[in-house]
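Please open the model in your viewer and keep the selection panel at hand. The stops below go from the overall fold to individual side chains.

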Amino acid sequence: MDDILIVACLIATIINFVVVACSAKLFNEKGDTLHLFILNMTVGDSILTLFCHPYELFARRYAAAQIHSVTVFLNFANWVGLAVSGLSLTLLNVDKVLQSPWTLQSTVFSLYSSVGLSNMIYGCLITELNYSATQPGSFPLRIIYFLEHN
């Protein structure tokens, strides 16, 4: 079963690279927020399919591959990838839902505000995870403790 999941991660990574290339090209041509949010969401998904899931599957099969510092980093990357992907999808939907009553406007968010929101997602999430990882009893540390002792 793990072999099938690794192949699925490989296929998803290839598709993500195609989506990133297409959305970056369309974002450069049109400069609209739709392609920026799709690009952001796909980068978040690529973090998961390129690094996090394959390592987890590999480490499950080979116990010697479980390196503590790599596991901690990939746990952090997993949270970043999930949050970036989810928040980008949410902002994309908010943009499209708010756009429908005002059909004369091409988008609710301006290009600068959408770039700012995207940077804010990355910045706030990384800052919060870095801060909370240093606090005793924090959620990421409890997860790491649970994973190490079970």
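Colour the chain by secondary structure to begin with: this predicted model has 5 helices and 0 strands, and from the N terminus on its elements follow the order α-α-α-α-α. With a surface switched on, the protein exposes about 9400 Å², of which carbon and sulfur atoms supply 72%, while buried residues make up 32% of the 150 residues. If you then draw a contact map, counting contacts with a separation of 6 or more, 67% of them are accounted for by residues 24 or more positions apart.

Next, select F37, V80, V84, L91, L92, L117 and I121, and show their side chains, since together these 7 residues are the largest nonpolar core. Both α3 (68–99) and α4 (111–134) supply at least two residues of this core, and the largest share, 4 residues, comes from α3. Apart from this core lies another one, of 6 residues, and L48, C52, Y55 and A59 are among them.

Stay with that second group and centre the view on C52, which is found in helix α2 (residues 33–61). Is C52 buried or exposed? C52 counts as buried, because its relative accessibility is 5%, which falls under the 20% cut-off. Leaving aside the neighbours within four places in sequence, C52 is in contact with I47, L74, A77 and N78. A distance label drawn from C52 to T71, C-alpha to C-alpha, should read 9.0 Å, for two residues that are 19 residues apart in sequence.

Now select F58 and Y62 and display their rings. A pair of aromatic rings is described by the distance of the centres and the angle of the planes. For F58 and Y62 the centres are 4.9 Å apart and the planes lie at 55 degrees, so that the pair is tilted, the angle being neither under 30 degrees nor over 60. The count of aromatic pairs in the model comes to 1. F58 is partly exposed at 42% relative accessibility, and Y62 is likewise partly exposed, with a relative accessible area of 43%.

For the last stop, select M1, I4 and L5, which make a nonpolar surface patch of about 340 Å². I4 has its place in helix α1 (residues 2–30), and I4 is exposed because its relative accessible area of 57% is over the 50% cut-off.

Conventions. Residues numbered from 1 in each chain as written. Predicted model: local features only at pLDDT ≥ 70, side-chain atom pairs only at ≥ 80, totals over all residues. Heavy atoms only, no water. Core = buried A, V, L, I, M, F, W, Y, C linked by side-chain atoms within 4.5 Å. Buried < 20%, exposed > 50% of the residue type's maximum accessible area, 1.4 Å probe, protein only. Patch = residues over 30% accessible without salt bridge, like charges linked within 9 Å, V, L, I, M, F, W, Y side chains within 5 Å. Areas by Shrake-Rupley, 256 points an atom, 1.4 Å probe, with all protein chains shown as cover. Salt bridge = Lys/Arg side-chain N within 4 Å of Asp/Glu carboxyl O. Phe/Tyr/Trp six-rings, centres within 6.5 Å; stacked < 30°, edge-to-face > 60°. Contact = heavy atoms within 4.5 Å.
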